[in-house]
Amino acid sequence: PRCFTARRLGGEPQLGVECLLCADHFVTDHGLFPPCPLSEVAFGYKGLQIQLYYSAGNLSTLFKVKYSSKVTEKFDCVEADDVEVKIRDIIPAGFSCSTDDFVSRLEKEANFRPFGNLLHTYKVHNEEAGELTYQICKVDMACPGFQEYHGRLQTFLMWFIETASFIDADDDRWDFFLVFEKYNKDGETLYATVGYMTVYNYYVYPDKTRPRVSQMLVLPPFQGEGHGAQLLEAVHRFYCTLPKVQDITAEDPSESYVKLRDFVLAKLCRALPSFAPDKLQLGFSEVMVKEAQDTLKINKKHARRVYEILRLKATDMADEAKARDYRLDVKRRLFGPYKKNQRELTKMMKCLRPEELVSHIRHIDTDVQHQELEKSYQEVLDEYRRIIERLASQA
């Protein structure tokens, strides 16, 4: 039990626990409990506060609902929302409604230890706290106590990710990867939950598997410190050691995840011989595809993006000829959807009436295509440059 907020603001850490919903905290010595309302609309209350507190390690939970007044009569067959039931449907059984009971659980935090097998340890420098140590572990549902812990952990998805849903954790094809902060307090070694990732192992004929990243979350107090990149890289390195793995993909990746993946894969691929600067200038090759696939379990589509990032890094864009070669190389890939539209138009010309054909031709006007292609290229260039800057900062 400790207070993240006091530590990160440079204050003296006190006995307490952070509220991971609002990045605020309460100090048990003084009984301070700031509210942490969820930003949802609830009918029938005045001064409604939904309070959720999690202990840093084991994620023991305190749940309270407070309000100054509540509708007691029905209005047009509508009554006050039962917000407590809605939250109880998300958080698993075993939470505390009593502050005293929750505080007693905090005293047991010193006994908490990370689940699973240790994959990776790394350090992050923090201006207020100095050098901090983090651990990444792999675990499955067979690990004693993990199923109950995971039930509490996955509730964060509902608080922080739109359209999130729980997984069927009883399926033994799920792998779980956890990130913990390791720290010392009063001579004791304690652990705090930082984030996690779930990966589902799909079958690939005839004897391979395709791990697919399903969920990934770094808790708000730790975001912006590079933990997502450390976690994704550790997961890739783990699956690269398994000969039965075909490649590693992601389920409906967000824009931020794609940027993170581009950075991690570029970091890994730049050490491969086929991605050496002199080879990059020769263009994207099957040798690159094969080496990325065999060594790092990266599929062709992702290898192509990595090639473009690393080639940009190795290209002197002030040289007009080299810049032109690079631009044409990227635009040939980006032009793929437009060529598909042209093939579809050729087919439609055989069956559409003239007035219908005119409508479709407007959508593939050559000048419009060129403008959109240039816009796409500039957007890609901006994305790649940000990744290259990050690579340079960690060189």
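The exercises below work through one helix, one cavity and some aromatic pairs of a predicted model.

**Exercise 1. Helix H10**

Task: Work out what span helix H10 should have and which of its residues are buried, and state what surrounds the helix.

Solution: Begin with the length, for which helix H10 covers residues 300-314, that is 15 residues, and at 1.5 Å a residue should span 21 Å. The C-alpha atoms at the two ends of H10 lie 21 Å apart, which agrees with that expectation. Next turn to burial, taking under 20% relative accessible area as the cut-off. The buried residues of H10 are His302, Ala303, Arg304, Arg305, Val306, Tyr307, Glu308, Ile309, Leu310, Arg311 and Leu312. Because 11 of the 15 residues of H10 are buried, the helix is largely enclosed by the rest of the structure. Finally, look at the start of H10, where a side-chain oxygen of Asn299 comes to within 3.3 Å of the backbone nitrogen of Lys301.

**Exercise 2. The cavity**

Task: Find how many cavities of 30 Å³ or more there are, and describe the lining of the largest cavity.

Solution: The count gives one cavity of 30 Å³ or more, and the largest cavity holds about 30 Å³ of space. Its lining consists of Val213, Leu232, His236, Ile248, Thr249, Ala250, Tyr257 and Arg261. Helix H6 (227-240), strand S12 (249-250) and helix H7 (255-269) are the elements that contribute two or more residues to this lining. Sorted by character, the lining residues comprise five nonpolar, two polar and one charged.

**Exercise 3. Aromatic pairs**

Task: Classify the pair Phe146 and Tyr149 by its geometry, then do likewise for Phe177 and Phe238, and say where in the chain each pair lies.

Solution: The model has 19 aromatic pairs. In one of them, Phe146 and Tyr149 stand 6.1 Å centre to centre with 35° between the planes, and the pair is tilted. Both residues belong to helix H4 (residues 146-153), where they are three residues apart, about one turn of the helix. Phe146 counts as buried, at 0% relative accessibility, and Tyr149 is likewise buried, with a relative accessible area of 0%.

For the second pair, the ring centres of Phe177 and Phe238 are 5.7 Å apart and their planes meet at 65°, so this pair is edge-to-face. It links distant parts of the chain, since Phe177 lies in strand S9 (residues 174-185) and Phe238 in helix H6, 61 residues apart. Phe177 is buried, at 0% relative accessibility.

As a last step, follow the ring pairs onward from Phe146 and Tyr149, which they link with Phe112, Phe115, Phe176 and Phe180 into a cluster.

How values were computed: Residues are numbered from 1 along each chain as its sequence is written. This is a predicted model: local features need pLDDT of at least 70, side-chain atom pairs count only at pLDDT 80 or more; totals for chains, interfaces and linings use all residues. Side-chain values use heavy atoms; hydrogens and water are left out. Helices (H or I, at least four residues) and strands (E, at least two) are DSSP runs, numbered from the N terminus. The expected span of a helix is 1.5 Å times one less than its number of residues. Buried means under 20% relative accessible area, exposed over 50%, partly exposed in between (1.4 Å probe, protein chains only). A polar contact is a pair of N or O atoms within 3.5 Å; within protein, one must be able to donate a hydrogen and the other to accept it, and residues adjacent in sequence count only if both atoms are side-chain atoms. On a 1 Å grid over the protein atoms alone, a cavity is a set of points where a 1.4 Å probe fits but cannot get out, and a pocket is an open set with protein on both sides within 12 Å along at least five of seven lines; lining residues have an atom within 4 Å of a point. Grid points are joined across faces, edges and corners, and a volume is the space filled by probe spheres set on the points. Ala, Val, Leu, Ile, Met, Phe, Trp, Tyr, Cys and Pro count as nonpolar, Asp, Glu, Lys and Arg as charged, and the others, Gly among them, as polar. Rings of Phe, Tyr and Trp (its six-membered ring) pair if their centres lie within 6.5 Å; planes under 30 degrees apart count as stacked, over 60 as edge-to-face and the rest as tilted.
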